[in-house]
Amino acid sequence: MTDHKRLAFSIIQFLHDQLQSGGLSSGAQESLEVAVQCLETAFEVSTDDKSLAVAMTLPEIFASATAKHPPESQVNNNASQNFVSEEQRVEAETLKTEGNDQMKVENFSAAVEFYSKAIAINPDNAVYYCNRAAAYSKLGNYAGAVQDCEQAIGIDPNYSKAYGRMGLALASLNKHTEAVGYYKKALELDPDNDSYKINLKIAEEKMETSSPTAGMGGVDLAGLLSNPGFMNMASSLMNNPQVQQMMSGMMSGAYGGMGGGGGGGGSGGGVGEGGRSAAAPGAAGTGDLSGLIQAGQQFAQQMQQQNPELIEQLRSQIRNRTPSAGNEEQP
C-alpha cells in the first residue's frame, strides 16, 4: 500500500503544480481541487507528508519512460518497413529485373506488370515506383507517372532520379513551372547529370514562351512574323506572278469541284461548255498543289541564300524541344 500512497502523492503533487501554474480556467481549477481532495481522502495521504515524496516528479518519470519506449504508431511503422523477408526481397528484385528487360525491348505494358508485382511484395522500395513511373511515361500515362514519383520521393527524399522523372512527367502535362522545380532538385542531388541540365533549360524556355508562340512544333511564331527578313521574303513570294496564278487555279479548281454536279454532263468525265473536257473534281487542284510545293521549295532555297542565319534560328528552335529521358537504364 505504501507504493500506492507514493504514486497518489506524486499525482496530487502534479495536480497542485497545475493549479499553481495559473493557466487554467476557473472551472478547470475547481475540478482539479475536487480531484485532489478525493485522492487525499481515498489514499489517506497529504502533501505535507514529505516521506512519500520520490526523487523524480511525475512529468520527469513520464518523459523518461516515453524516451525508452517510442509511441506504438512509430513501432508499427518501423515494423511495416521491415516485414519483408530476405526471400521476398530476392523475389521482388527478380521481378524488377524482368521489368527492366521488358523496358529494353520497349514492351512497356509488361514492364508495368512486373514492377507492380515487385511493389506488391516490397512496397517500401523507391526504385520500383520510379521504374514504373518511367514505364507509365512511355505509355503516355503521365498522371500515373507523377503518382509513382511522389511515392518514390516519399520513401527516399534524396533519390535524384525520382525528381528527374517527375520533371519529365510534369513537362509532358505542360506543367513546366512545376517541372522546373523538380529538375532543380534533381540537379542538387546529381549536379553532373547532363540530362537534367538539358531538360531544365527546355522547361525554363517553355515557361517563358506564351501559348501563341508555342505552336508549330515549338517554333517562335511571333518572333518569326516580326522578323523583317522573313516577312520580306514572304511578301516577295506572294507577289510572284507564278504563285498568284497557281493560287488562282487552286481556288477556281476548288469551286469548280463543288459545283461540278449541277450541270447536265452525265456521269464520269463529260464535255462542258465550248467543247472542253471537264476534269474530274480535284484533278486540277492536284497539279496546282504540286506546283505550290515546288514554289515552296524555291522559297526555302531563297531564304537559305538570302538569310542563312534565319534558317539556322528556325532549325535550332525545332531541335531539342522535347524533354528527353536520355539513354539511362533502369536501376
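At what angle do helix 5 and helix 7 pack, and how far apart are their axes? The legends below address this point and others in a predicted model.

**Figure 1. Packing of helix 5 against helix 7 in the predicted model.** The two helices pack at an angle of about 25 degrees, and their axes are 11 Å apart. Because angles under 35 degrees count as roughly parallel, helix 5 is roughly parallel to helix 7. The crossing of helix 5 past helix 7 is left-handed. Helix 5 contributes R89, A92, E93, K96, N100 and M103 to the contact, and helix 7 contributes V127, Y128, N131, A134, A135 and K138. Sorted by class, the residues of this contact comprise six nonpolar, two polar and four charged.

**Figure 2. Surroundings of K96 in helix 5.** K96 belongs to helix 5, which covers residues 86–104. With a relative accessible area of 11%, K96 is buried, because the cut-off for a buried residue is under 20%. When neighbours within four places in sequence are left aside, the contacts of K96 are Y115, A118, V127, Y128, N131 and P331. Among these partners, V127, Y128 and N131 are also listed for helix 7 in its contact with helix 5.

**Figure 3. Helix 7 and its buried residues.** Helix 7 (residues 126–138) has 13 residues, which at 1.5 Å a residue should span 18 Å; the end C-alpha atoms are 19 Å apart, in agreement with that expectation. The helix is mostly covered, with 10 of its 13 residues buried. The buried residues are A126, Y128, Y129, C130, N131, R132, A133, A134, A135 and Y136. They pack against helix 5, helix 6 (108–121), helix 8 (142–155) and helix 9 (160–172).

**Figure 4. Helix 8 and the helices against which its buried residues pack.** For the 14 residues of helix 8, a rise of 1.5 Å a residue gives an expected span of 20 Å, and the 20 Å between the end C-alpha atoms agrees. Buried in helix 8 are G144, A145, V146, D148, C149, A152 and I153. Helix 7, helix 9 and helix 10 (176–189) are the elements against which these buried residues pack.

**Figure 5. Surroundings of S160 in helix 9.** S160 is placed in helix 9. The residue is buried, its relative accessible area being 14%. Apart from neighbours within four places in sequence, S160 is in contact with A186, L189, D190 and Y196.

**Figure 6. Packing of helix 1 against helix 2.** Helix 1 (residues 2–21) and helix 2 (residues 26–43) meet at an angle of about 160 degrees, with 10 Å between their axes. The two helices are therefore roughly antiparallel to each other. Helix 1 passes helix 2 in a crossing that is left-handed. On the side of helix 1, the contact is made by H4, K5, A8, I11, I12, L15, H16, Q18 and L19; on the side of helix 2, by Q29, L32, E33, A35, V36, L39, E40 and F43. These residues divide into 10 nonpolar, four polar and three charged.

**Figure 7. Overall context of the close-up views.** The protein contains 17 helices and zero strands. Of its 331 residues, 28% are buried. Among contacts between residues at least 6 apart in sequence, 60% join residues at least 24 apart.

Terms used:
Residues numbered from 1 in each chain as written. Predicted model: local features only at pLDDT ≥ 70, side-chain atom pairs only at ≥ 80, totals over all residues. Heavy atoms only, no water. Axes fitted to C-alpha atoms, helices over the stretch in contact; angles between N-to-C directions. Helix = DSSP H or I, 4+ residues; strand = E, 2+ residues; numbered from the N terminus. Parallel < 35°, antiparallel > 145°, perpendicular 65-115°, else oblique. Left-handed = near helix turned anticlockwise from the far one by under 90°. Contact = heavy atoms within 4.5 Å. Nonpolar A, V, L, I, M, F, W, Y, C, P; charged D, E, K, R; others polar. Buried < 20%, exposed > 50% of the residue type's maximum accessible area, 1.4 Å probe, protein only. Expected span 1.5 Å × (residues − 1).
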